[in-house]
Amino acid sequence: MPTTTPRREASVPRLIRERTRASRGVLASILAAIVVSTTLLCGLSAVADLQLRAAVRAAVPDADVPEGWLQLQTRPAADAAVQDAAADALFDEVLGDTAVVERLELGDPGTDFERVAWRITPDPDRLGPDSIERLAAGLDRLPTAFRDSDAEERGASVSGGLPAAVAEVAIGTRAATALLPVPLIVLGVLAWFAVLQLARLLGLSRGREAALLRARGLSGRQSAMLAAGESAAVAGAALGWALGLVLVPALPGGAGGLPAVVATWPLALLVVLAATATLAVGQLRAAGRARGSDAAAGRVARAATPAAGILLVVVTGVVIWQARTSPSGVWGIVVATLAPALGVAAVALLAVLLFGPVAAFAAMLAGRARGISPSYPARQVARRVGAYSVAVALVAIAVCGAVLAGGYAGMAGTTAADSQRVQAGTAMRAVLPVGAGDVARAESVDGVELAAPAIVVPVASSGEDAVLLALPADAMRDLLFEVPGAAAPATLADAVGAPSSLVAISGSELRLDASARSSVPEAIADTAVRAWIVDDAGTTVPLALEVETGDDATGDTSTFAARAQLPDGAWRLAGLELARGNAWAQVEISFTRFALSADGAPLDVTLPPVVRLYGGFGAPGVPSALVWSAAGEEGDRVPLAITTSLASTLALDVGDPVDLSFSASGRVLGGTVASVSDAIPGIGARPGAVADLEALTVAQLPSAPTIGEPAATPPLPDQLWAAGDEASAPALADELGVPVLVPASQSTAVTAPVTIVWIAAALGGAVLAGVALVALLAAVTRQRAGEVLVLRAIGVAPRRQSRQRVAEAVVVVAIAAALGAAGGYALTALLVPGLVARAVPSAALAPVLSVDGWPVIAAVALIAVGCLAGAVAIAASVAAQSRSTRLEEAAP
């Protein structure tokens, strides 16, 4: 009876099962590596998306504050339906479904004050990274488009700060979207390398098996089918497990968690395909080398390694250079994304290249010692550089990535916080006309340590826009933030401070007496008197004096008296103004014999002999004039502390004069540069200047009259600044009745998830390196099984051998960690400041190199745990090998 031979193809599944059972240790490590990789990459990708969406929603202001809405207002049209239809069509075209529009009717119906308005707020259900760009672009063009549409009726007004807030959020979203792939790519490089090296171990362990199967007729195609089938099975199992690990925790997380994880399926599929290909190719090539079939190819590859390493380093250097010098744009984003991954790969290669000389030097030093330790372990490390180089590369990549994560976390957090503080200037700010007693009210709030009035106003000089900040010099030291890289508050106070020229008012009533003459006596009675007084906090307020007139004894003049009660507190006089009534523009009034007193006591001021308010009579007159001013007739130049950006634009240096024109009024402030700083609290690094509030007030009160112009008036404080606990901002807002701002930046808040993802990726990479390290150490121990009996024969106990093997592993890991940390610090210095600058779009200060230590310490600790697990495996393997009775040739 003829016999039949079973088809070889039918035995492939059985061979896969048997091969898997025989190599279950290495395969378990490969499975764990792929599980960790897929879980981390898919999980972190989903977390990044969720965190970014949450950050975008949190960064957009609420609809109950002016920054949270945009309002378009116009007159109602005759046909309201046509007007509403035109408005709805415009909003659909420009905003789409990104916003909610509410129609409002304002004013009394049927009157000239009747208005119709549309208030636009972001749609919270659709707010996210994918919609914020369209919303920002739509809000930017909406006012112009509305004025050009049929919805506009005889003019339109726009109010609300939503466009500016959304534009800043969009800037942060673009930065976060560009930076979030960076840690994931670095993690992907480590995952691919770990799987590749584990596949090589699997192939090397099957060298004899592959040769035996080839001798028994297994074709190359069948061998490839075995490797590919096994690899696909491992990768498929890893995918299912990894997705399970990600999906199960996400299910109770709400509606956003599950879709975000499901959306990562293309990434998961890419990981599976890459892992399958890497496993198949890696183990086939390693098995071929193990059986010696491609020794020539191995020699060529080894010869090509230094050249490939040099090429990689050169390419990495070029990409890093491009990342540091390329402006924002597509190319800048591409090189900024690739540079860290290439840099980490270059660091790993350099670590492997340096490991050999370092190990040889350590062996030379250890060889001088007597006894088998430490010379034997050190020489074994030096002899087995090739075997340990994989562990060196893995640890170097993991530690380098952790240093990069620590550098980004340290610099991003510090730069964002410092930039917010230097731009804000102080802990709390309220925008309101500051009046008498407001500073005292603010300081009465729990948590407020100091309050002061402030002026923040746009100015220009030689066509260049800038901002002017004025604060009391004495308050700057304790009011302003001390921020590294910015001007110190004490230095600013010393630079802009000037002697006071104000006159103290000792009393509760201010009185002005004079004699007045005019052809129309009624014009004298209609003359207004106003004093500019300043309290101890630096608040300037106008004080109106009540006028009384009477007949003079001579009969041709009138007595003129003006008096007012001072507000509570200590006050100083900055100026005193006389103003003719509007009804008497053509009438001239002359004032003489002035006397100024407080509670009857004369004030120490020099008053002019005569003040004339000239009438027009066809030519411009003098409608008002200052009887007295602390500035005198012209006033002195004000000391100014300016930013470097303003100084460089206008080519200014310390001691140079500079004139600042107020954008609103056109009045000019003459100043002298007292100091130049890269950044100033309250201004940042943008063009700007700081002045003493009192000096600014006095300088804007020159007493010399100008024909056709009213008397000079000082700018009044328009903000209140307070130092203290930012948590007291709500209480301060309740006290003042206006919103209180604290240091914050919408764009910086949006990029915060980058730090979370980067640190998580670094720690995940350390876990992955630890898993691979255990398998590598176990494989190296199995390859050296023959040494155990030889060393035991010369008196080295198995326990001592285990300690020596563990010492070898610790030395290798320590050297690799040191090389990875050094390379990571160099990469951090080269790349991370630029990445942080992209991540903090509103940065007012250049990032300062720093590394947050805890991600590095945590990563090293996780690798140490892997090393400890490897030590346990080494001890168990050496103990088992010492009990073996198998005879084979070996040499220590």
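This briefing describes the fold, the confidence, the buried and exposed residues and the salt bridges of one protein chain.

The structure is a predicted model, and the mean pLDDT of its protein chain is 79, with 80% of the residues reaching 70 or more. The chain has 892 residues, of which 49% count as buried, and its elements comprise 26 helices and 23 strands.

**Confidence along the chain**

- Among the elements of the protein chain, the highest mean pLDDT, 93, belongs to strand 21, which covers residues 688-692, while the lowest, 61, belongs to helix 7, which covers residues 207-215.
- Over residues 4-10 the pLDDT stays under 50, and for this stretch the model has 5 contacts beyond four places in sequence.
- A second stretch to read with care is residues 293-304, where pLDDT again stays under 50, and here the model likewise has 5 contacts beyond four places in sequence.

**The chain as a whole**

- When contacts in the protein chain with a separation of 6 or more are considered, 79% of them are accounted for by residues that stand 24 or more positions apart.
- The accessible surface of the protein chain comes to about 39600 Å², and 60% of this area belongs to carbon and sulfur atoms.

**A nonpolar patch on the surface**

- Val313, Leu350, Leu353, Leu354 and Val358 together make a nonpolar surface patch of about 370 Å².
- The element that gives the most to this nonpolar patch is helix 12, which runs over residues 330-367 and supplies 4 residues.
- Leu353, one of the residues of the patch, lies in helix 12, and its relative accessibility of 42% is why it counts as partly exposed, a class that falls between the limits of 20% and 50%.

**An enclosed strand and its partner**

- Strand 17, made of residues 624-629, has 6 of its 6 residues buried, and it is therefore largely enclosed by the rest of the structure.
- Strand 17 pairs with strand 13, which covers residues 571-579, and the two run in the antiparallel sense over 5 bridges.
- Within this region, Gly575 stands opposite Ser629 of strand 17.

**Two buried residues**

- Thr697 is found in helix 20, which covers residues 693-699, and it counts as buried because its relative accessible area is 1%, which is under the limit of 20%.
- If residues up to four places away in sequence are not counted, Thr697 touches Thr540 and Pro714.
- Asp123 lies not in a helix or strand but in the loop between strand 3 (115-122) and helix 4 (129-147), and with a relative accessible area of 14% Asp123 is also buried.
- Leaving aside neighbours within four places in sequence, Asp123 is in contact with Asp97, Thr98, Ala99 and Val100.
- Asp123 and Val101 are 22 residues apart in sequence, and their C-alpha atoms are 9.1 Å apart in space.

**Salt bridges between helix 4 and helix 2**

- The structure holds 15 salt bridges, and one of them joins Asp130 to Arg53, with the closest N and O atoms 3.7 Å apart.
- Because Asp130 lies in helix 4 and Arg53 in helix 2 (residues 24-59), this pair ties together parts that are 77 residues apart in sequence.
- The two partners fall into separate classes of accessibility, since Asp130 counts as exposed at 59% relative accessibility, whereas Arg53 counts as partly exposed at 26%.
- Arg53 and Asp130 also belong to a network of salt bridges in which Asp49 is linked with them.

**Salt bridges around Arg103**

- Asp84 forms a salt bridge with Arg103, and the closest N and O atoms of this pair are 2.8 Å apart.
- This pair links distant parts of the chain, as Asp84 lies in helix 3 (residues 80-95) and Arg103 lies in strand 2 (residues 99-106), 19 residues apart.
- Arg103 forms a salt bridge with Glu105 as well, where the closest N and O atoms are 3.0 Å apart.
- In terms of accessibility, Arg103 is partly exposed, with a relative accessible area of 34%, while Glu105 is exposed, with a relative accessible area of 65%.

Terms used: Residues numbered from 1 in each chain as written. Predicted model: local features only at pLDDT ≥ 70, side-chain atom pairs only at ≥ 80, totals over all residues. Heavy atoms only, no water. pLDDT = per-residue confidence, 0-100. Contact = heavy atoms within 4.5 Å. Patch = residues over 30% accessible without salt bridge, like charges linked within 9 Å, V, L, I, M, F, W, Y side chains within 5 Å. Areas by Shrake-Rupley, 256 points an atom, 1.4 Å probe, with all protein chains shown as cover. Salt bridge = Lys/Arg side-chain N within 4 Å of Asp/Glu carboxyl O. Buried < 20%, exposed > 50% of the residue type's maximum accessible area, 1.4 Å probe, protein only. Pairing = 2+ DSSP bridges.
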